[in-house]
Amino acid sequence: MKVLVTGSNGFIGKNLIERLKYDKVEVLPYDVDTPKEKLDEYCAECDFVFNLAGINRPEHVEDFMAGNFGFATTLVETLKKHGNKCAVMNSSSIQAALENPYGMSKKAGEDMMFNYGRENGVEVYIYRFPNVFGKWCRPNYNSVIATFCYNIAHDLPIQVNDRSTLLRLVYIDDVVEELMHALDHHPHVNNDGYCFVPTTHEATLGDIVNMLYGFKESRHNFMVPDMTDDQFTKKLYSTYLSYLPEDQFSYPLITHEDERGSFTEILKSADRGQVSINISHPGITKGEHWHNTKNEKFVVVSGKGLIRFRKIGTEEIFDYHVSGDKLQVVDIPTGYTHCIINEGDTDLVTLMWCNECFNPGKPDTIYEKVEK
C-alpha cells in the first residue's frame with residue numbers, strides 16, 4: 001500500500017509517518033520543499049491520501065486561502081487528472097466554524113473536499129481538529145502547550161493572559177490512532193459528517209501551567225505526578241519531557257552517606273510510595289526495626305547479603321539469602337522486625353520500594369533487633 005502524506009514535515013505528519021513506517025506502509029512524503037513534480041507522480045500511484053498540509057501563520061492574510069484552500073484544490077485536481085479515486089483524509093480545524101481568515105480558508109477547503117467526494121464517488125474524511133499536543137510540536141508557533149513546555153523546560157518566561165481559558169485538546173498518539181482507523185476506512189464520524197478523534201481532554205490554561213511547573217519541580221523533589229486515573233496528566237507529562245534540553249536529560253539525586261554506606265531516594269509519588277537505592281559496605285547490618293503499616297520490597301541487584309526476620313512477640317528467626325546473581329523480590333511484611341546484612345566482600349546494592357513516602361512526623365519505624 002502506498003500512502004501520500006502532505007505536510008509530511010509537520011507535527012502530525014511526522015508522528016503519522018513514523019506509525020505508517022512501523023506498520024510497513026510505503027509512505028510518499030510531500031511538503032513545501034518537495035519538488036512540485038512529485039505531487040503529480042504521487043497522485044498517480046497512491047492508494048490513500050492524508051492531506052495534512054496547511055498554513056497557520058502566513059506573512060499575508062491572503063496566503064491563508066492560497067495555502068489551505070488552494071493547495072487542497074491542486075491536490076484533488078491532480079488526483080482527478082490521473083483518475084485516482086482513492087480515499088482522502090483532509091485536516092481541518094475547529095476554527096473552520098469561525099469567521100476569521102484562517103477559519104474561512106479551512107471551511108472553503110472542507111466544502112471543496114466534500115463536493116469532490118460527492119461528485120466523483122470518493123470517500124472523503126474531514127477532521128476538525130481541536131488543539132493537538134504531544135512530542136515534536138513546534139514551540140512558539142501555534143500550540144500553547146508546546147510553547148509552555150519548551151519555555152518552562154528551558155527556564156524561559158511564559159505569558160498567560162487568562163488562566164481560566166478552557167482548552168479542548170487531543171493528544172497526538174490518539175490522533176494518529178484515529179487516522180489509522182481512517183486508513184482502514186473506519187473513521188469515527190459525527191452526525192454532521194465530520195470525522196473526529198474520540199478521546200479528548202479539557203483543561204484550563206491555569207491548570208496546565210500549574211501541572212507543567214509541577215513536572216519541572218519533580219526533578220528536585222523527586223515526586224512523579226499522579227497518573228492513576230487522569231490520562232491527560234500522563235500525556236502532558238510525556239509531552240513535557242520531550243522538550244527537555246538535550247544536555248539536561250539527567251539530574252542529580254540526594255545521597256545520605258555514613259560509615260555504613262549510603263541511602264538515595266530516586267522517586268516518590270503521593271499514592272505509590274517511593275523507590276530508593278541502599279548501599280551497605282561489607283560486614284554492615286542495616287535495619288533492625290519493624291513497621292505497623294509501612295511495607296517494603298527489597299531487590300538486591302549487586303553483592304551478596306542476608307535478610308533476616310522475626311515476628312514481634314516470637315523467638316523464631318527466618319533467613320533469606322539474597323544475591324545480585326539471582327534477582328528476586330523479598331517482601332518486608334508489617335509486624336516483623338528485619339535487617340539486611342552484607343555477607344560479601346563488595347558493596348551490597350539493594351533497590352527498595354516503600355508503599356509510602358518517608359514522613360519524619362510519623363515514621364512508623366520501631367527499633368528492635370532481630371536477634372535478641
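Let's start at Tyr251. Beyond its neighbours within four places in sequence, Tyr251 is in contact with Arg219 and Phe222. It sits in the loop between helix 8 and strand 9, which covers residues 255–258. Its relative accessibility is 35%, so Tyr251 counts as partly exposed. Now look across the model. From Tyr251 to Lys369 the C-alpha atoms are 37 Å apart, and 118 residues separate the two along the chain. Keep in mind that this is a predicted model.

Now the whole chain. How many helices and strands does the chain have? There are 8 helices and 19 strands. The radius of gyration is 29 Å, while the globule rule gives 21 Å for 372 residues, so the chain is more spread out than a compact globule. Along the principal axes, the C-alpha trace spans about 90 × 45 × 40 Å.

What share of the 372 residues is buried? The figure is 45%. The chain exposes about 19,400 Å². Carbon and sulfur atoms supply 51% of that area. Next, contacts between residues at least 6 apart in sequence: 73% of these join residues at least 24 apart. Then charge. There are 37 positive side chains and 54 negative ones. The centres of the two sets lie 1 Å apart.

On to the aromatic rings. The structure holds 10 aromatic pairs. One of them joins Phe48 and Phe50. Their ring centres are 4.7 Å apart, the planes meet at 50°, and the pair is tilted. Are Phe48 and Phe50 buried or exposed? Both are buried. Together with Tyr125, Phe48 and Phe50 form one aromatic cluster.

A second pair is Phe215 with Tyr237. Here the ring centres are 5.0 Å apart and the planes stand at 65°, so this pair is edge-to-face. Phe215 belongs to helix 7, residues 205–221, and Tyr237 to helix 8, residues 231–241, so the pair ties together parts 22 residues apart in sequence. Phe215 and Tyr237 are buried too.

Stay with helix 8. Which of its residues are buried? They are Phe232, Thr233, Lys235, Leu236, Tyr237, Thr239 and Tyr240. Note the lysine in that list: Lys235 is buried. And what do the buried residues of helix 8 pack against? Three of the partners are helices: helix 5 at 144–153, helix 6 at 172–183, and helix 7. The others are strands: strand 6 at 131–133, strand 7 at 166–171, and strand 8 at 201–204.

Strand 6 leads us to a loop with two backbone points. Most residues other than glycine have a negative phi. Trp136 has a phi near 75°, a positive value in a residue other than glycine. Trp136 lies in the loop between strand 6 and helix 5. At 44% relative accessibility, Trp136 is partly exposed. Asn140 is found in the loop between strand 6 and helix 5 as well. Asn140 is not a glycine either, yet its phi is positive, about 55°. Its relative accessible area is 47%, and Asn140 is partly exposed.

On the other side of strand 6 in sequence, take Pro130. This proline lies in the loop between strand 5, residues 124–129, and strand 6. Pro130 is buried, with a relative accessible area of 11%. What is Pro130 in contact with, leaving aside neighbours within four places in sequence? The partners are Ile94, Arg168, Leu169 and Val170. For a sense of distance, the C-alpha atoms of Pro130 and Phe263 are 47 Å apart, with their positions 133 residues apart in sequence.

One last stop: Lys85. Where does Lys85 sit? Its place is the loop between helix 3, residues 63–81, and strand 4, residues 87–93. Lys85 has 57% relative accessibility and counts as exposed. Outside its neighbours within four places in sequence, Lys85 is in contact with Asn120 and Val122. Lys85 and Cys46 are 39 residues apart along the chain, and their C-alpha atoms are separated by 9.7 Å.

To recap. The predicted chain is more spread out than a compact globule. Phe215 and Tyr237 tie helix 7 to helix 8. Pro130 is buried in its loop, while Lys85 is exposed.

Conventions: Residues numbered from 1 in each chain as written. Predicted model: local features only at pLDDT ≥ 70, side-chain atom pairs only at ≥ 80, totals over all residues. Heavy atoms only, no water. Helix = DSSP H or I, 4+ residues; strand = E, 2+ residues; numbered from the N terminus. Rg over C-alpha atoms; globule rule 2.2 N^0.38 Å. Buried < 20%, exposed > 50% of the residue type's maximum accessible area, 1.4 Å probe, protein only. Contact = heavy atoms within 4.5 Å. Areas by Shrake-Rupley, 256 points an atom, 1.4 Å probe, with all protein chains shown as cover. Lys, Arg positive; Asp, Glu negative; His and termini not counted. Charge placed at Lys NZ, Arg CZ, Asp CG, Glu CD. Phe/Tyr/Trp six-rings, centres within 6.5 Å; stacked < 30°, edge-to-face > 60°.
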